[in-house]
Structures are given as C-alpha cells and as structure tokens.
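User: Hi! I am new to reading protein models. Could you help me see how the descriptions follow from the numbers?

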Amino acid sequence: MIEYRIDRRSGVATYLQIVQQTKQALRLGLLEPGDRLPTAREVVEATAINPNTVLKAYRELEREGLAEGRRGLGTFVRGTLGGAADSPLRAELRAELTTWVERARAGGLERDDLSALFDSVLAELADRFTEPTGTGATTGAATSSTTSTTTKGEHS
C-alpha cells in the first residue's frame with residue numbers, strides 16, 4: 001500500500017502532493033487498477049493532515065479517472081499512467097539514474113541540488129523535443145515535486 005509523505009515546506013498544496021504521489025506510484029507500477037488506496041483515516045494518522053484534504057485529493061483522482069470511490073469499501077485505483085512499469089528499458093534507465101544519483105551524492109550534491117539539476121535538464125530537453133503547435137510555438141515545462149512515494153517496506 002502507498003504511504004504518503006507530506007512536505008509542508010514545498011509550497012505545493014497538501015492535496016496536490018497526495019495526487020502527485022499517487023500518479024507517481026501509478027507511473028512506477030507501484031499501484032495498479034484494483035488496488036485500494038489508504039483510507040482517509042489511515043492517511044490522517046500517518047501524516048497529521050485534515051481528513052477533508054485527503055478526500056479532496058481522492059475526488060481529484062476520481063475526476064481524472066484514476067480512482068473510484070466505492071461506498072463502504074474505500075477508494076480504488078481505476079486507471080494507469082505511463083508505459084509498462086516493468087519494461088526492460090525502464091529497469092535499465094532506473095539503474096543508470098541510480099548510479100548517477102550515487103555519483104552526485106558522493107560529489108557533495110544534496111537532494112535539492114539533484115532536483116534542480118535534473119529539472120533544468122528535463123526542461124531543456126522538453127523544450128527541444130516538444131512538438132510545435134499550430135502557431136509554430138513550442139511548449140514544455142518541467143515541474144518537480146519534492147515529495148516521495150514509497151510502499152511499505154521501502155525507504156526513500
């Protein structure tokens with residue numbers, strides 16, 4: 001089951017952190033259709049946030065077609081995001097990224113430094129590879145979340 005981590009200093013609304021972490025878990029294959037999300041009570045106990053915040057996040061996930069509430073049973077994953085989470089390419093890229101992060105940390109870069117560096121490269125490449133719109137303009141922006149998504153038994 002997913003465990004949400006709330007970063008009160010991130011400047012990102014708490015409900016959006018829950019939405020973003022759920023989407024990240026979907027992209028990584030940590031959540032699949034049919035999986036139950038934690039109850040609002042479980043999230044409140046783990047994060048000390050208002051239950052209405054959790055419900056707002058779950059409503060947003062429902063609105064996006066990624067989750068569905070079942071009265072008396074909870075909220076369940078309905079949709080997926082991203083490509084095949086268990087593809088060989090994804091596993092290879094993850095291993096390469098892990099090596100890169102380990103080298104950067106050994107070189108003295110902190111988490112925020114890594115995030116800023118990664119985001120700047122991602123933004124640069126997104127601008128380079130974004131298809132032009134009908135007006136000939138390109139769009140592309142990278143956004144980052146300093147929140148983490150883990151499942152029980154994993155540590156970030």
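User: What pattern does the protein chain follow, read along the sequence?

Analyst: Happy to help! Keep in mind that this is a predicted model. Read along the sequence, the pattern is β-α-α-α-β-β-α-α-β. The protein chain has five helices and four strands.

User: What makes helix 2 oblique to helix 3?

Analyst: Start with the angle: the axes of helix 2 and helix 3 cross at roughly 125°, coming within 9 Å. Angles of 65 to 115 degrees count as roughly perpendicular and those over 145 as roughly antiparallel. The value for this pair fits neither class, and therefore helix 2 is oblique to helix 3. The crossing of helix 2 with helix 3 is right-handed.

User: Which residues meet there, and how do they divide by class?

Analyst: From helix 2 come Ala40, Val43 and Val44, and they meet Pro51, Val54, Leu55 and Tyr58 of helix 3. By class, this contact has seven nonpolar, no polar and no charged residues. Ala, Val, Leu, Tyr and Pro are among the residues that count as nonpolar.

User: Why are helix 4 and helix 5 called oblique to each other?

Analyst: The reasoning is similar. The axes of helix 4 (residues 88-106) and helix 5 (residues 111-129) come within 10 Å and cross at roughly 130°. An angle has to be over 145 to count as roughly antiparallel, so helix 4 and helix 5 are oblique to each other. Their crossing is right-handed. On the helix 4 side, the contact is made by Leu97, Trp100, Val101, Ala104 and Arg105, while helix 5 brings Arg111, Leu114, Leu117 and Phe118.

User: How do you know that this contact has charged residues?

Analyst: Look at Arg105 of helix 4 and Arg111 of helix 5. Arg counts as charged, and the contact divides into seven nonpolar, no polar and two charged residues.

User: Which residues touch the most other members of the largest nonpolar core?

Analyst: They are Ile18, Leu37 and Tyr58, in a core of 19 residues. Strand 1 (2-4), helix 1 (14-27), helix 2 (40-47) and helix 3 (51-63) each supply at least two residues of this core. Leaving aside residues up to four places away in sequence, Ile18 touches Tyr4, Ile6, Val43, Ile49, Val54, Ala57 and Tyr58.

User: What does "buried" ask of a residue, and what share of the protein chain counts as buried?

Analyst: A buried residue has under 20% relative accessible area. Of the 156 residues of the protein chain, 24% count as buried.

Conventions. Residues are numbered from 1 along each chain as its sequence is written. This is a predicted model: local features need pLDDT of at least 70, side-chain atom pairs count only at pLDDT 80 or more; totals for chains, interfaces and linings use all residues. Side-chain values use heavy atoms; hydrogens and water are left out. A nonpolar core is a set of buried Ala, Val, Leu, Ile, Met, Phe, Trp, Tyr and Cys residues joined through side-chain atoms within 4.5 Å. Buried means under 20% relative accessible area, exposed over 50%, partly exposed in between (1.4 Å probe, protein chains only). Contact means heavy atoms within 4.5 Å. Axes are lines fitted to C-alpha atoms, for helices over the stretch in contact, and angles run from 0 to 180 degrees between N-to-C directions. Angles under 35 degrees count as roughly parallel, over 145 as roughly antiparallel, 65 to 115 as roughly perpendicular and the rest as oblique. A crossing is left-handed if the near helix is turned anticlockwise from the far one by less than a right angle, and right-handed if clockwise.
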